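Dear colleague,

I am passing on the structure we spoke about, and below it you will find what came out of going through it. Please read the notes with the coordinates open beside them.

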Amino acid sequence: MLQLVLLAALALCGCYAEPIPDGAQRVVGGTEASSHAWPSQISLQYYSSGSWHHTCGGSLIKQNWVLTAAHCVDSNLSFRVVAGDHNIQKTEGSEQIFSVSSKHIHPYWNSNNVAAGYDIALLRLSGSATLNSYVQLAVLPSAGTVLSNNYPCYITGWGLTRTNGQLSSVLLQAYLPVVDYQTCSSFSYWGSTVKNTMVCAGGDGVRSGCQGDSGGPLHCAVNGQYQVHGVTSFVSSLGCNTLRKPTVFTRVSAYISWINSV
């Protein structure tokens with residue numbers, strides 16, 4: 001379900017069964033995160049051919065609610081959420097696994113137009129996660145918060161390590177500084193594809209999100225505490241780490257009232 005946005009953007013999930021189209025990739029230019037350094041990160045997985053497959057990331061925002069991208073879950077696949085994971089190819093004993101009891105996709109989401117925005121969804125879990133050193137709740141920003149240009153943030157995920165590469169077995173992280181809206185919406189960057197309800201980060205041609213990172217968090221430290229300011233949405237179809245095509249995220253602070261209303 002890799003979707004083209006206008007002529008230049010690629011939604012970042014590795015959704016749909018069989019061999020994942022174009023791979024289901026991981027953070028590009030990243031490094032392995034310390035085990036459980038990002039304890040609100042979850043792996044969203046779908047069932048196919050007798051087993052579960054990672055397709056997207058997400059953030060645990062309440063013990064029984066996960067924040068992810070709409071394009072990750074706007075299908076009829078069967079999903080589950082794995083919290084407390086680091087190596088998704090091994091059972092480490094820290095995992096907590098939940099089926100998804102209901103999906104709540106933003107009502108204005110249009111799967112044929114990722115560039116319109118609204119790429120955000122909430123998943124209600126079948127049970128409540130136990131909070132411990134492996135599993136914690138994400139902190140969300142205050143409504144309307146917009147971070148300044150070059151603000152330091154990190155993307156995390158199990159997505160492709162390079163364009164058309166393979167999923168990472170371990171959680172990766174990459175430093176992606178914010179690119180402000182004025183810059184990101186300029187002609188030499190994303191132009192009108194990017195809306196002010198989005199956050200751009202990266203664009204150095206080295207580090208980026210990639211397929212399989214969708215729905216996962218952009219972590220930015222505010223007042224000494226990491227907050228989830230972005231939900232990974234899309235990259236350029238020219239390649240995940242294309243110069244001046246930063247990874248684009250749904251800006252969480254633009255949707256706080258919707259999140260609270262679900």
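How much space lies in the largest pocket? The answer is about 260 Å³, and please keep in mind throughout that this is a predicted model.

The pockets

The lining of the largest pocket is made up of 14 residues, and those that lie nearest its centre are Gln-45, Trp-52, His-54, Arg-80 and Ile-88. Two strands, β5 (51-62) and β7 (79-83), each contribute at least two residues to this lining, with β5 giving the largest share, namely 3 residues. Sorted by class, the residues around the largest pocket are 6 nonpolar, 4 polar and 4 charged.

The second largest pocket has a volume of about 190 Å³, and 17 residues line it, with Val-146, Leu-147, Met-198, Val-199 and Arg-251 lying nearest its centre. At least two lining residues come from each of β12 (178-179), α2 (181-184) and β13 (198-201), and the largest share, 3 residues, belongs to β13. The class division for the second largest pocket is 11 nonpolar, 4 polar and 2 charged residues.

Strand β7

Since β7 helps to line the largest pocket, I went through this strand in some detail. Of its 5 residues, 5 are buried, so that the strand is mostly covered. Phe-79, Val-81 and Ala-83 point one way from β7, whereas Arg-80 and Val-82 point the other way, and all of them are buried. Arg-80 is thus a residue to look at twice, being buried in β7 and also one of the residues nearest the centre of the largest pocket.

Which strands pair with β7, and in what sense? Strand β4 (residues 41-48) pairs with β7 in the antiparallel sense over 5 bridges, and in this pairing Tyr-46 stands opposite Phe-79. Strand β8 (residues 96-105) also pairs with β7 in the antiparallel sense, here over 4 bridges, and Gln-96 in β8 is the bridge partner of Ala-83.

The protein as a whole

Taken over its full length, the protein has a secondary structure of 3 helices and 16 strands. The C-alpha trace spans about 45 × 40 × 35 Å along its principal axes. A compact globule of 262 residues would have a radius of gyration near 18 Å, and the 16 Å found for the protein agrees with this. Buried residues account for 56% of the 262 residues. Of the contacts between residues at least 6 apart in sequence, 73% join residues that are at least 24 apart.

One example of residues brought together from distant places in the sequence is Glu-32, which has its place in strand β3 (residues 31-32). The C-alpha atoms of Glu-32 and Leu-171 are separated by 6.0 Å, although the two residues are 139 residues apart along the chain. Leaving aside residues up to four places away in sequence, Glu-32 touches His-86, Val-170, Leu-171 and Leu-172.

With best regards

Technical notes. Residues are numbered from 1 along each chain as its sequence is written. This is a predicted model: local features need pLDDT of at least 70, side-chain atom pairs count only at pLDDT 80 or more; totals for chains, interfaces and linings use all residues. Side-chain values use heavy atoms; hydrogens and water are left out. On a 1 Å grid over the protein atoms alone, a cavity is a set of points where a 1.4 Å probe fits but cannot get out, and a pocket is an open set with protein on both sides within 12 Å along at least five of seven lines; lining residues have an atom within 4 Å of a point. Grid points are joined across faces, edges and corners, and a volume is the space filled by probe spheres set on the points. Ala, Val, Leu, Ile, Met, Phe, Trp, Tyr, Cys and Pro count as nonpolar, Asp, Glu, Lys and Arg as charged, and the others, Gly among them, as polar. Buried means under 20% relative accessible area, exposed over 50%, partly exposed in between (1.4 Å probe, protein chains only). Two strands pair if DSSP finds at least two bridges between them. The radius of gyration is taken over C-alpha atoms; the globule rule is 2.2 Å times the number of residues to the power 0.38. Contact means heavy atoms within 4.5 Å.
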